[in-house]
Amino acid sequence: MSKRILIVGAGFYGSVLARELTDAGCSCKLIERREQIGGNCFTRYNEEADCHQHVYGPHIFHTNSEEVWRYLTRFTKFNNFVNRPKSMSAGKLYSLPINLMTLYQVYGVNTPEEAKATIEKVRIPCDSPNNLEDWCLSQVGPEIYELLIKGYTMKQWRRDPKELPASIIKRLPIRFNFDDNYFRDRYQGIPEEGYTKIFERMLEGIDVELGVDFLADRDEWIRRFDHVVFTGPIDAFFNYTEGTLEYRSLRFESEILDTPDFQGNALINYGETQVPYTRIAEHKHFDLSYSKDKTLITREYSQEWQEGMERYYPVGTQENLDTLRRYQLLAKEAGLPVTFGGRLGQYKYFDMHQVIAAALTKAKRFLQDGFEVSDEEEN
Ligand SMILES: Cc1cc2nc3c(=O)[nH]c(=O)nc-3n(C[C@H](O)[C@H](O)[C@H](O)COP(=O)(O)OP(=O)(O)OC[C@H]3O[C@@H](n4cnc5c(N)ncnc54)[C@H](O)[C@@H]3O)c2cc1C
């Protein structure tokens, strides 16, 4: 008899696994707490502005993985959107990520050589920069740090950058040429019909039940299936017995404006603390859709997560990582037929391509080695 698998959560991790395991002959059921599929990648078409709204924050797909790209293009076509964000600070716009145009805007330098010489002069070297502020000062000096990084970071994390690990910002590239393509990956784009369509196609023929909270009946669900893949929060699964894992949450304020183009770009960051939001997304630019006289914008505010809010970014402090480790040990000791996956199950920030790759790998392992394999390699 084929294995009966319950998948909890219709984000990329759960949906890819559901597709792969179903295609391999397993009998999969997927339950989702929300009233819609897609997890945080869910998009909704907005007729007034003729574009897809990224309901849980702007999502730009990018990957260098041939395998992930080939897999996803089975379910959608991508447009050729390229992410070139800007930053507004003290009434002026700056090019992001930091590149030669940014250095021209701040210092008036014109060539890579001039830019390198200027940065060498202004940066404040530090032997072992182990917090975000010291690291930034050692890389770009105080002007750029104050204009583009400090205020944004303080709003995003509500913490002094001196208390944050440098690792948060090490992803921010600094370029001495005019390349402002944020991701630079080989493949990049936005699904032409929105993200939700991908999930509709991926879950075709699979038993999906929406509006069902697994945790309301956890033990009964586990009893009814051979194996459970849980992509919800690992601390909630264990009823917070080892403590609560911290997240940053977000609040979105969306509005339709009577103008065909509000800001001329998909994303503009706001680097000052006086402006309460961190960025504005103008959704039609993601779709490269300019047919309507109206536009849909979303202001994004960062906030501390509290019970009842959506969880967005895991906070990678040592305390949280220790708590996570205790839950992982508990999961092992409990010996339940449950796999924890995805950004909430593993308490780890994943981009979409990473979570898809992780789910594809997990599906292969399940099919090769059985469902009792350890989760260790993913944690
Ligand atoms: C603001 C923001 C912007 C982002 N932008 C990008 C980007 O530009 N590019 C990129 O590649 N990645 C981006 N990401 C990352 C992307 O959102 C994740 O990679 C992806 O959503 C992870 O998929 P997942 O399946 O692990 O989790 P999710 O998408 O969160 O799916 C988990 C699902 O499980 C459900 N669930 C939870 N608990 C239960 C329960 N008890 N019972 C039933 N269902 C439950 C949830 O409702 C949810 O639908 C961004 C993330 C954020 C926060």
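How far does a backbone N or O atom of Phe-12 lie from an oxygen atom of the ligand? The distance is 3.2 Å. Keep in mind as you explore that this is a predicted model. The points below begin with the ligand, move on to helix H12, and finish with a sheet of 7 strands.

**Around the ligand**

- Phe-12 has company, since a backbone N or O atom of Tyr-13 lies 3.0 Å from an oxygen atom of the ligand.
- Asn-40 also takes part, with a polar backbone atom 2.9 Å from an oxygen atom of the ligand.
- On its own the ligand has 1000 Å² of accessible area, and the protein covers 97% of that.
- Helix H1 (12–23), helix H11 (342–345) and H12 are the elements that each give two or more residues to the shell around the ligand.
- There are 32 residues around the ligand, and the ones that come nearest are Glu-32, His-59, Arg-343, Phe-350 and Met-352.
- Sorted by character, the shell residues are 18 nonpolar, 8 polar and 6 charged.

**Helix H12**

- H12 runs over residues 352–369, which makes 18 residues.
- Does its length fit what you would expect? Let's put that another way: what span should H12 have at 1.5 Å a residue? The expected span is 26 Å, and the C-alpha atoms at its ends are 25 Å apart, so the two agree.
- Met-352, which is among the residues nearest the ligand, is buried.
- Other buried residues of H12 include His-353, Val-355, Ile-356, Ala-359, Lys-362, Ala-363 and Phe-366.
- A handy rule for reading such a list is that an α-helix has 3.6 residues a turn, so residues three or four places apart point the same way.
- Just after H12 comes Gly-370, with a positive phi near 95 degrees.

**The sheet of 7 strands**

- This sheet is open, its pairing is mixed, and its strands come in the order E7-E6-E12-E13-E14-E11-E15.
- Strand E7 (92–95) and strand E15 (313–314) stand at the edges with a single partner strand each, so one side of each has no neighbour in the sheet.
- Strand E6 (residues 86–89) pairs with E7 in the antiparallel sense through 4 bridges, and one bridge pairs Lys-86 with Ser-95 in E7.
- The hairpin of E6 and E7 has 2 residues between the strands, and Ala-90 in this hairpin takes a positive phi near 50 degrees.
- Strand E13 (residues 279–282) and strand E14 (residues 295–304) run antiparallel and are joined by 4 bridges.
- Across that pairing, Ile-280 stands opposite Arg-299 in E14.

Notes. Residues numbered from 1 in each chain as written. Predicted model: local features only at pLDDT ≥ 70, side-chain atom pairs only at ≥ 80, totals over all residues. Heavy atoms only, no water. Expected span 1.5 Å × (residues − 1). Buried < 20%, exposed > 50% of the residue type's maximum accessible area, 1.4 Å probe, protein only. Pairing = 2+ DSSP bridges. Near = heavy atom within 4 Å. Polar contact = N/O pair within 3.5 Å; in protein donor to acceptor, adjacent residues only side chain to side chain. Areas by Shrake-Rupley, 256 points an atom, 1.4 Å probe, with all protein chains shown as cover. Nonpolar A, V, L, I, M, F, W, Y, C, P; charged D, E, K, R; others polar.
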